[in-house]
Amino acid sequence: MANNAAEHPPGNSVADPSQEGDFGITTMDLRNLMELRSAEAVASIRDGYGDVQGICRRLKTSPIEGLSGNPVDLEKRHASFGKNFIPPKKAKSFLALVWEALQDVTLIILEIAAIISLGLSFYHPPGGDSESCGQAASGVEDEGEAQAGWIEGAAILFSVAIVVLVTAFNDWSKEKQFRGLQSRIEQEQKFTVIRKGQVIQIPVSEIVTGDIAQIKYGDLLPADGILIQGNDLKIDESSLTGESDHVRKSLDKDPMLLSGTHVMEGSGRMVVSAVGLNSQTGIIFTLLGAGDSDEEKKVKKSKKQGPPENRNKAKTQDGIALEIQPLKSEEAAESEEKEELKPVKKVNVTKKEKSVLQGKLTRLAVQIGKAGLIMSAVTVIILILYFVIDTFGVQGRTWESECTPIYIQYFVKFFIIGVTVLVVAVPEGLPLAVTISLAYSVKKMMKDNNLVRHLDACETMGNATAICSDKTGTLTMNRMTVVQAYVGDTHYKSVPEPDAIMPDTLEVLVNSISINSAYTTKILPPEREGGLPRHVGNKTECSLLGLVLELKRDYQPIRDEIPEEKLYKVYTFNSSRKSMSTVLKNADGSFRMYSKGASEIVLRKCSHILDTKGKPRSFSPKDRDDMVRRVIEPMACDGLRTICVAYRDFPAEAGEPNWDNENDILNDLTCIVVVGIEDPVRPEVPDAISKCQRAGITVRMVTGDNINTARAIATKCGILLPGEDFLCMEGKEFNLQIRNDKGEVEQERLDKVWPNLRVLARSSPTDKHTLVKGIIDSTVGETRQVVAVTGDGTNDGPALKKADVGFAMGIAGTDVAKEASDIILTDDNFSSIVKAVMWGRNVYDSISKFLQFQLTVNVVAVIVAFTGACITQDSPLKAVQMLWVNLIMDTLASLALATEPPTESLLLRRPYGRNKPLISRTMMKNILGHAIYQLVIIFTLLFAGEKIFDIDSGRNAPLHSPPSEHYTIVFNVFVMMQLFNEINARKIHGERNVFEGIYRNPIFCSVVLGTFVLQIIIVQFGGKPFSCTALTIDQWLWCVFIGVGELLWGQLITAIPTHRLKFLMEAGHSSTKEQIQQEGLNEGTDEIDHAEMELRRGQILWFRGLNRIQTQMDVVYTFQTGQAAVPGALRRQPSVVSQHNDSAPPKSVSSPSHVGLSPSSSSLTYPSGVLPLPTTTTTTTTTTALSSSAGN
């Protein structure tokens, strides 16, 4: 039977709880059954259970009524077959995070220095004339003072402990946030099942074995199941099998449906046969979990110090290191965390470049780190040389053995000073600031209806220069209503009265709409009095059902009379067909087919039309052109979507047609009606789009709709402005302009089209992907483009993944679209995207503010420590003081500056784009200007402070001497200047009012006040550990006064025009054009070309690596041992070669009939036209596959 409906035995209604004993089938039986495919599975079901009904009977469920939903029955099913939940991996414990924070190289160096310092302070050399050791030993005032040598080492260790705890706590809260985010995504995912004969939506985790689930186009299957009835069902199983072709499912050929796969076409019903860990996805997760511990050890060994690697957003398409997050498990959060917390050794698999900000930050951190390392090395060398020359050269002493510990203590002190310089030079606070800023923004964006799935998407959005938006549901309300109709040779400008239409025409129209639409689509009464009726299911179909209700008829009785099981054949809607048809078999053996779809496509297939009397008359191409001009174009110009409804009769005498020959079947139709459907523009969209345009972001509309409709809506939204020269184009024309004679996309041709393109109509998913990829790869114009894409359908998946930021619709979006996206718009509203832009820019600015503040401190502290050490053999700022400055700078300042709320003014400037440096000229002017002020003050105090304040000099103090007032004042003034400069750092674009909006950020105010109070405590009561001595009230007032000078100095710096300071360098650039072109050459490896795009429409998920590990292990093993081919490698040869074909030019790829392994040359022998590969590639690929599969 063409429709694949199983025969239903009568009387098997809702499973009766009274007859619940044990089920007639075990979990193991079902697991074994689900591992079979196609004919093998059909045979096994037939032999073991008779048919699918047999399995339903054993599972005590009814294929039509579903389960009873009785809690006792559900509990029993949980106990027997498990819950539909894959338990997450255990979160990292706080101790594990502490251990990871301790791995920081700088901290390790400090710990070692502190431990050596501690050890030496407890070691007192036996006797010996201390005088003979030179001035090194003099100056110890009393025994008690000498005993206090341990304090510095202990204080350093204490500070290190605080830094580690803060970092670990931050990571821990981030992980917790991710889990919260993940569980929210999970709760939002619901699935349609039938219980007690009612179609209801339940959370995925509540699905049990034996449930009858309804599946439709765009679903991500949440559990394994066996098909009961299906219409034209095609599944993308690449996530489990790696095969990119869609698999057709039917009762007689292949009824097995697997969790984690995507429904690409059609609809149907299945009985759930395995859930949670017993489903195919669950089994794979169990394997991943098992292999995890060994893998983690490997990763630990290969861990290198450095900024956290970007969580590559799985934009690689090579099927090994793919990481699309399965929405239904918390696994994803883990993989994100894991990758972020421990960078794995770089393996040469092409990855999508880092997010814009991360790329810039990494480069900047490396540059600063190198400079700091050089400075600290030079400091240590100068100090040691000065000491050695002075002691053994100038004073002419000899190295006495009893003096060794004292000398070593000096060397350790120099080493600690060197490390101090390094600690201050490296901005460790940067990762912290980035994380706090992103985490804070993500939390706040949730309130603005943006559910962020990838942290870096939030910041990338601030750089967006282009948005490619869908029309339906994003710019419009997705609440479709029929407002015009052409029926019986009359064009009605509003819905006609029922008696204006001939009864026969009305009858066929109502039947056609009621039957030829998904039975899951319905119009329900409003939730509250006076509200609008609720549209459930496909919105276009809802509008047609609404038309039936307006014509005073009801669709439900017709559906009850002809249930889904009686539909003979269904051609479901897909992006290439752009129509849907349903075939019914009549009692006399004849057939009737109802069709509906895009008007220009369906009208092209019509040869008749119903006239005023309701009788078919012939409809020639000339009539069609006339109708397009008189009816369809005027409707489209009013911004209406036009849909044509038609039918066709197949007489019984002609016999049963060949249903697979679609071109013949979908032809010779009779047109019933053409309707104009209005989808009103969301009221807030025009304003949101004008904000985007003001902010320098180009909005483009990419839609599958008619070009006239698209143009009308684009004009209403403000995408097309009157009097401006912009392109509106259809997909066909777009392809003609950008492809060469061979049909390949050429970047140069694309570069001529996209800058002016504003509307792309009648576009296919491939067109959308091509446009997005072309804009991202383009190097024309001053800046490289950063592209955001919105989408809701399964077909938007490739474009959403390719985009820098993909937005999926939370309400109308399919699971496939959500999974490919970075941010989910929980209210499906375009104005939420504007909020995302605002938050993104705010993240970028927050990090720039922090950098401006941090680098000023770094420059000053490094120069002071360096010159002070070289001139006075001692750093004016002690190691513990430096750590305190670092701690307040890093943790508190990042907290204060990273939590500034965004303002509308952020939308008044143009986006930074990819090339803009992180530190602009204005910021560089501020950094150097404030550094000059601070250095002048500090050096004045250092060399003349004792005269100004009339106190003892603290310079050239011997080892272990008590802290001096002089150096305490230097330290206190330094901190006060930082504190007031933190207020200056709130503005980075040269604004004068640095206090603007300061009250809106209570965190900032409390951090500044808190730091001030802590500083008072440290100076007055810190004593020996902090090398401080209490100051008088006068001295305090002077310190604060000098600090306030920072604010006045800031006004002076703002007055200097930046454009005059041409000599100032900018820092933190992203990649240069040459590097981009170089990357462009490599990028071919991870991008799908057009032909492959057609082959792999579905997402190729990261499971694919698993499928290939074994093959690659076999190949590698053969390479290494040089033995004859391993049988396993031959058995699965297509995978091996296809693995590398991703990077071979498409023309040269052939699907080989064999792969020979020649032992002598240790290389693969390919059939002609396939590129040979170096041994190393395969080895590398395998290690990647292993680490990615376990890591994710």
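Modeller: Two strands pair if DSSP finds at least two bridges between them, where a strand is a DSSP run of E with at least two residues and a helix a run of H or I with at least four, each numbered from the N terminus. The model is predicted, so local features need pLDDT of at least 70 and side-chain atom pairs pLDDT 80 or more, while totals for chains, interfaces and linings use all residues. Residues are numbered from 1 along each chain as its sequence is written, and side-chain values use heavy atoms, without hydrogens and water.

Biologist: What makes strand β4 a partner of β5, β6 and β7?

Modeller: Strand β4 (residues 224-236) has 10 bridges to β7 (residues 262-274), three to β5 (residues 247-249) and two to β6 (residues 256-257). Each count satisfies the minimum of at least two bridges, so each is a pairing. The sense is antiparallel with β7, β5 and β6. Lys234 is bridged to Arg248 of β5, and Ile226 to both Val271 of β7 and Met256 of β6.

Biologist: Why is β4 called largely enclosed?

Modeller: Buried means under 20% relative accessible area, exposed over 50%, and partly exposed in between (1.4 Å probe, protein chains only). In β4, 13 of the 13 residues are buried, so the rest of the structure largely encloses the strand.

Biologist: Why is Thr391 called buried?

Modeller: Its relative accessible area is 6%, and the limit is under 20%; therefore Thr391 is buried. Thr391 lies in helix α13 (residues 356-394).

Biologist: What makes the approach of the Thr391 side chain to Phe387 a polar contact?

Modeller: A polar contact is a pair of N or O atoms within 3.5 Å; within protein, one must be able to donate a hydrogen and the other to accept it, and residues adjacent in sequence count only if both atoms are side-chain atoms. The side chain of Thr391 reaches the backbone oxygen of Phe387 at 2.8 Å, so the distance criterion is met. Thr391 is also in contact (heavy atoms within 4.5 Å) with Gly396, Arg397 and Tyr407, leaving aside neighbours within four places in sequence.

Biologist: How do you know that the length of helix α33 agrees with expectation?

Modeller: The expected span is 1.5 Å times one less than the number of residues. For the 20 residues of α33 (residues 965-984) this gives 28 Å, and the end C-alpha atoms are 29 Å apart, which agrees. Of these 20 residues, 19 are buried.
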